[in-house]
Amino acid sequence: MEICSRNICTGCEACVNTCPLHCISMREDDLGVTYPIIDETICVSCGKCYDTCPNNQDLKGERPIKVYAAWSTNKDTRITSASGGIASELYRHFIAISGSSYGVYLNSEQEAHFIPVNSYEDILKVRNSKYVYSEMGDVYHSIQKQLEDSKRVLFIGLPCQVAGVKSFLGKDYDNLILVDIICHGVMPWIYLQQHVNNIIKIKDAELQVQFRDPKLKTAKFCFTIRKKGKLLYKTDNLSDDLYQHGYHGGVCYRENCYNCQYAQIERLGDITISDFSGLGRISPIYYSPENVSCLLVNTSKGEQLLRDLEGRIEIDERPFSEAYDYESMLQHPTPRPEIRDVFVSTYKKTRDYDQAAEQAMHDSIKEFVYRHYSWHAKWKKLKRMIKKFIKR
C-alpha cells in the first residue's frame, strides 16, 4: 500500500503517529531520505494512514490579513536570532502564560528533532535556523494531549509540518496556535553529519553546529562548528563550503521540496515568519533592516496573538508586495536544478555527501566564488578611491 507518492512525501510522520497498530516506521532510502514504510505482515488496511496524510487532504490555507516588519524589543534576543527574534518572543509568551510550546533542537550528532520548550534554556536550544530535515517524533500525541487538557499550545515548524499537525488532529482547536516558517527546502540530516565528519575527521559528541552563528552576526549566514565554545570551522554562504552551496543553491533537498504545495500565498499557520528580504524595497524605512522578521498575520487568532505580544516586539506594517514580490517561496517552490541529477547519481554510488556535492557543484561553486571575490575586490578598490577623493 502506498500512502502517497515519494515525490510529494514530506516525511511529516503523521501517518506513523496515526497508525493504531504501530506498523509504520521511517526508513532511509539509497539517497539518505527517510520515508514511511508499512509492515504488511501487521497492517490490516484500515486506511487511517492514507486518510491522515496531508497530501491526501484538501487543507485550505488563509491569505494574509496584514504584513509586518517585526523584531524583539530585547536587544540580545534580536541580535542572536535568525532574523528579528519573533519565535523566541512567542516561546517566552507561552512560558509566561503556562502554555505548551514545541520547537526544533539540533543535537551534537547533527540530528534535528522537536522538543517541548518549557524554559529560557529550552529557547536557547531551539533558537536560530536549522537547514536540515527535522523529525516530528511523538510531538503529535503530545500536542493532542495538551489541547485536550485545555492548555494553550504553540507549534512552530515548517509549512509541511504544520500541515501534518492539522491533518493529524483532524479538527480546529481554539487553544492551538500554529506558526509556519517560510521554507526553501530541507536536506536529509545524514548529509550534514557526513559533511561535519569530513571536516573534523572524527566523530565527537561535543560538537556544536550553527547555520547562522550569532557570535558572528546571524545576517552573515556563517556556518560554524565549535567544541566547548572553541571555533573549529567557519564559513559564510559566499564561500565554497559544500553544505552551504547544497542548501542555498537548492541542489540537495528532499525531492518533495521541488514540488512543495505550501509554497504559495495562502498559509496554513495563524502566523507566518521569515527573513524580510524585500524590506524597504517598496516603501522607505527609518530603522536598520538587519535582524528584522517578516511577519504575516493570517487569521483572527494570529491577530489576537500579536496584540498579546505588545511590549515584547516592535512592529511596522508594510506593503504586501514587499513580502510577495521578494520572497519566491510565497509564489512557487524552489526550482529543481539540472545538476541535481548528477548529485543524485553520484550519492547513490558513493553514499558520501561531500563527494557527490563536489561532483555536482564543482563548476557552479568555482564560478560563484570567482564572481563574488571579483566583485569584492572591485568594491574595495572603489572604497579606497572614495577615501582618497574625500581627503583631497
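In this predicted model, Val209 finds its bridge partner in strand β10 at Ile225. A neighbouring register point is given by Gln208, which stands opposite Arg226 of β10. Both pairs belong to the contact between strand β9 (residues 207-210) and β10, an antiparallel pairing that runs over four bridges.

On its other side, β10 meets strand β11 (residues 230-235), again in the antiparallel sense, here over five bridges. Arg226 reappears in this pairing, standing opposite Leu231 of β11. Arg226 can thus be followed across the sheet, with Gln208 opposite it in one pairing and Leu231 opposite it in the other. The link from β10 to β11 is a hairpin with two residues between the strands, and one residue of the turn, Lys228, has a positive phi of about 50 degrees.

Taken together, these strands make an open sheet of three, in the order β9-β10-β11, with antiparallel pairing. β9 and β11 are the edge strands, each pairing on one side only. From one strand to the next, the twist averages 15 degrees. As a reminder for reading the side chains, those of a regular strand alternate between the two faces of the sheet.

How enclosed is strand β10 by the rest of the structure? Four of the five residues in β10 (residues 223-227) are buried, so the strand is largely enclosed. Helix α8 (residues 189-200) lies across β9, β10 and β11, and its direction makes an angle of about 65 degrees with β10.

A second hairpin is found earlier in the chain, where β1 (24-28) and strand β2 (residues 34-38) come together. These two strands pair in the antiparallel sense over five bridges, and Arg27 stands opposite Tyr35 of β2. Five residues lie between the strands of this hairpin, and Gly32 takes a positive phi near 80 degrees. Strand β2 is mostly covered, with four of its five residues buried.

The loop that precedes β1 also deserves a look. Leu21 sits there, between α1 (14-18) and β1. Is Leu21 buried, partly exposed or exposed? Its relative accessibility is 39%, and because buried means under 20% and exposed over 50%, Leu21 counts as partly exposed. Leu21 joins Ile42 and Val44 in a nonpolar patch on the surface, and the three residues together have about 260 Å² of accessible area.

Notes: Residues are numbered from 1 along each chain as its sequence is written. This is a predicted model: local features need pLDDT of at least 70, side-chain atom pairs count only at pLDDT 80 or more; totals for chains, interfaces and linings use all residues. Side-chain values use heavy atoms; hydrogens and water are left out. Buried means under 20% relative accessible area, exposed over 50%, partly exposed in between (1.4 Å probe, protein chains only). Two strands pair if DSSP finds at least two bridges between them. Patches are made of residues with over 30% relative accessible area and no salt bridge: like charges are joined within 9 Å, nonpolar side chains (Val, Leu, Ile, Met, Phe, Trp, Tyr) within 5 Å. Accessible areas come from the Shrake-Rupley method with a 1.4 Å probe; for residues, only the protein chains shown count as cover. A salt bridge is a side-chain nitrogen of Lys or Arg within 4 Å of a carboxyl oxygen of Asp or Glu. Axes are lines fitted to C-alpha atoms, for helices over the stretch in contact, and angles run from 0 to 180 degrees between N-to-C directions. Contact means heavy atoms within 4.5 Å.
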